[in-house]
Amino acid sequence: MHDPLASLLRPGQPLDRRTFAAYGAVLGAIPLLGRGDPVRRVRSFESDPFTMGVASGDPDATSVVLWTRLAPRPFEPGGGMRDDSVAVAWEVAEDEAMTKVVRRGDARASAKLGHSVHVEVAGLLPDRWYWFRFTAGDAQSPVGCTRTLPAPDADAAAMLFAVTSCQNWEQGLFTAYEQMAKDEPDFVFHLGDYIYEYAAGRNGKVRTHHGAEIQSVDDYRMRYAQYRSDPLLQRMHARCPWFVTWDDHEVDNNYADDVSEQKDVDPRDFLLRRANAYQVYYEVMPLRVRSLPRGPKLQLYRQASFGRLAELLVLDTRQYRTDQPNGDRRSPLNSATLDKRNTLLGGAQRVWLKQALAESRATWNVLAQQVMMGMVGSMRKEEKVPHYSMDQWPGYAHERVELVRFLAERRIANPVVLTGDIHSNWCNELRVDDLQPDTPVIATEFVATSLSSGGNGSDKPRDHDTLLAANPGVKFHNRQRGYIRCAVTPKTWTSDYVVMDKVEQPGGVASVRAKCTVEAGSPQVHVS
Ligand code: FE
Ligand code: CA
């Protein structure tokens, strides 16, 4: 596996100023938590410090992460806070009125982490809803709602969750979160492109980013603050726990490990930017302390068990990947795509994933990840053979085929792949080789469209019929905005493709465009 630290600290390399700075970022990250710094008790704030609301995430059967951030002036560097750590009290209750408090404590909002607060509350009961809030001085946060998962050996009867991704601020409104809140899911998967890094106006359709393309810690903080200022997004975070993972735009479009989209950027400079982006990602997301970044490294792949019903495996296909083959241009499945050295997962994550799958006793095995696994090719006018996206699994075809073959040979129960990134809805049957329609279907892939990226979109794109005819694994495809709502029982998995009639104007209306069903024991999809 390519180790970004190794490239920073190559023996014999002269320690120029740039390398030294990168090295400093790596080492400097370790005391990020600010443990041991004095903590100030604030009596009152000039204005509400809870402008970014509350969130929760990464639940297991007895614990969950509670999140908030103190930022009275969220669009300024420093968020309107002084440069020291502040005490924040937290409470967890069994009721929304916060009268039956079962856990409480004091946490630190450290200036080093943008005055964010991450509390890992332990000792909770499995499969329960809880309410929580924070207090700092005389300021109190909104009340959030969260839950624990069923015990790992419990026979959970049902789970309901939403899959979302790609919420470009400039290209559309987040109206779909209104419907998602009404669905009352147990949890949300966010599969990346939570923010976009571009300069103001670059994608301007309905509203405008603040400032230039983001690079520094302050830039990333203010960009997340802008996104999180959306009341519908903020409210959805307060409704239920989220499992978040990133794709590319949390750092830089189509980056791969230490390689920027702009090929003239020195990987060492890019790693400094990546360290900024990763630090702020940790700050603003309800992640466990195991995900605390160390310079340009952040452990994001992880697993959770929803009883025996489902094993949830959250992947990171950006941090460890090799550079896209064929210069990241749409290409045929040539020898560069089949190179065994290409990897999306990296060695350590691949070993972990296979072990987690092999040990799982769950009915459904869920891979929550970023880029499309279905090998979907398309031909433009002058092209004689199908061309594929090199940023997606086809660019890493060897690893992709090997992974699906592993699912087949090890008889992994009911594998389901959840995907974002591509700004369109797809439901795919996955085979070891998707180009061989007479071979068995091994897994099912539900690709969720963007929440807002790309604007209103369209129901039936012009190339729809040719695409489906050329790619027999594709069972449904549409290019409207929205999200997927999954209802899962030990017998049946149902994915509702929720679409919005518009996102470029307020008042968008949600409807279910397609219902894709899979029965446990058979990965074939039924579309209605
Ligand atoms: Fe996107
Ligand atoms: Ca993406």
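Let's start inside the protein, at cysteine 516: with 0% relative accessibility, this residue counts as buried. Everything here comes from a predicted model, so please read the values below as computed ones.

**Cysteines and the question of disulfides**

How far is the sulfur of cysteine 516 from the closest cysteine sulfur? The gap to cysteine 427 is 3.8 Å, which is too far for a bond, because a disulfide calls for two cysteine sulfur atoms within 2.5 Å. Cysteine 145 tells a similar story. Its closest cysteine sulfur belongs to cysteine 240 and sits 8.0 Å away, again too far for a bond. Cysteine 145 is buried as well, at a relative accessible area of 14%. The structure as a whole holds 0 disulfides.

**The metal site**

Another cysteine turns up beside a metal. The iron ion (ligand 1) has as its protein donors Cys166 (SG), Asp193 (OD), Tyr196 (OH) and His423 (NE2), at 2.0 to 2.5 Å from the ion. Along the sequence, these donor residues follow the spacing C-x26-D-x2-Y-x226-H. What is the geometry of the site? The angles among the 4 donor atoms run from 85 to 165°, and the site is irregular. The upper value explains why the site is not called tetrahedral: that label requires all angles to lie between 85 and 135 degrees. For reference, the ideal angle for four tetrahedral donors is 109.5 degrees.

The iron ion (ligand 1) also has a neighbour, the calcium ion (ligand 2), 3.9 Å away, and aspartate 193 coordinates both ions. Distant parts of the chain are linked here: cysteine 166 lies in the loop between strand S10 (159–164) and helix H3 (176–183), while histidine 423 lies in the loop between strand S16 (415–419) and strand S17 (425–430), 257 residues apart. Are these two donors buried or partly exposed? Cysteine 166 has 0% relative accessibility and counts as buried, whereas histidine 423, at 24%, counts as partly exposed.

**Two pockets**

Rolling a probe the size of a water molecule over the atoms shows where empty space is left. Here are the two pockets side by side.

| Pocket | Volume | Lining residues | Make-up of the lining |
|---|---|---|---|
| Largest | about 1100 Å³ | 44 residues | 18 nonpolar, 15 polar, 11 charged residues |
| Second largest | about 330 Å³ | 15 residues | 8 nonpolar, 3 polar, 4 charged residues |

In the largest pocket, the lining residues nearest the centre are Arg330, Ser378, Arg380, Ser389 and Ile422. Helix H10 (residues 464–470) supplies the largest share of this lining, with 3 residues.

For the second largest pocket, Leu33, Arg35, Arg108, His118 and Val119 lie nearest the centre. Strand S5 (101–109) and strand S6 (116–121) are the elements that each give two or more residues to this lining. Which of its elements gives the largest share? That is S6, with 5 residues.

**Proline 461**

One last residue takes us back to helix H10. Proline 461 sits in the loop between strand S19 (457–458) and H10. With a relative accessible area of 7%, proline 461 is buried. If you would like a sense of scale, proline 461 and leucine 312 are separated by 149 residues in sequence and by 33 Å in space, taken from C-alpha to C-alpha.

Notes. Residues numbered from 1 in each chain as written. Chains lettered and ligands numbered in written order. Predicted model: local features only at pLDDT ≥ 70, side-chain atom pairs only at ≥ 80, totals over all residues. Heavy atoms only, no water. 1 Å grid on protein atoms, 1.4 Å probe; cavity = no way out; pocket = protein on both sides within 12 Å on 5 of 7 lines; lining within 4 Å. Points joined across faces, edges and corners; volume = space filled by probe spheres on them. Helix = DSSP H or I, 4+ residues; strand = E, 2+ residues; numbered from the N terminus. Nonpolar A, V, L, I, M, F, W, Y, C, P; charged D, E, K, R; others polar. Donors = N, O, S within 2.8 Å, 3.2 Å for Na, K, Ca; no water. Tetrahedral: all angles 85-135°; square planar, octahedral: opposite > 155°, others 65-115°. Buried < 20%, exposed > 50% of the residue type's maximum accessible area, 1.4 Å probe, protein only.
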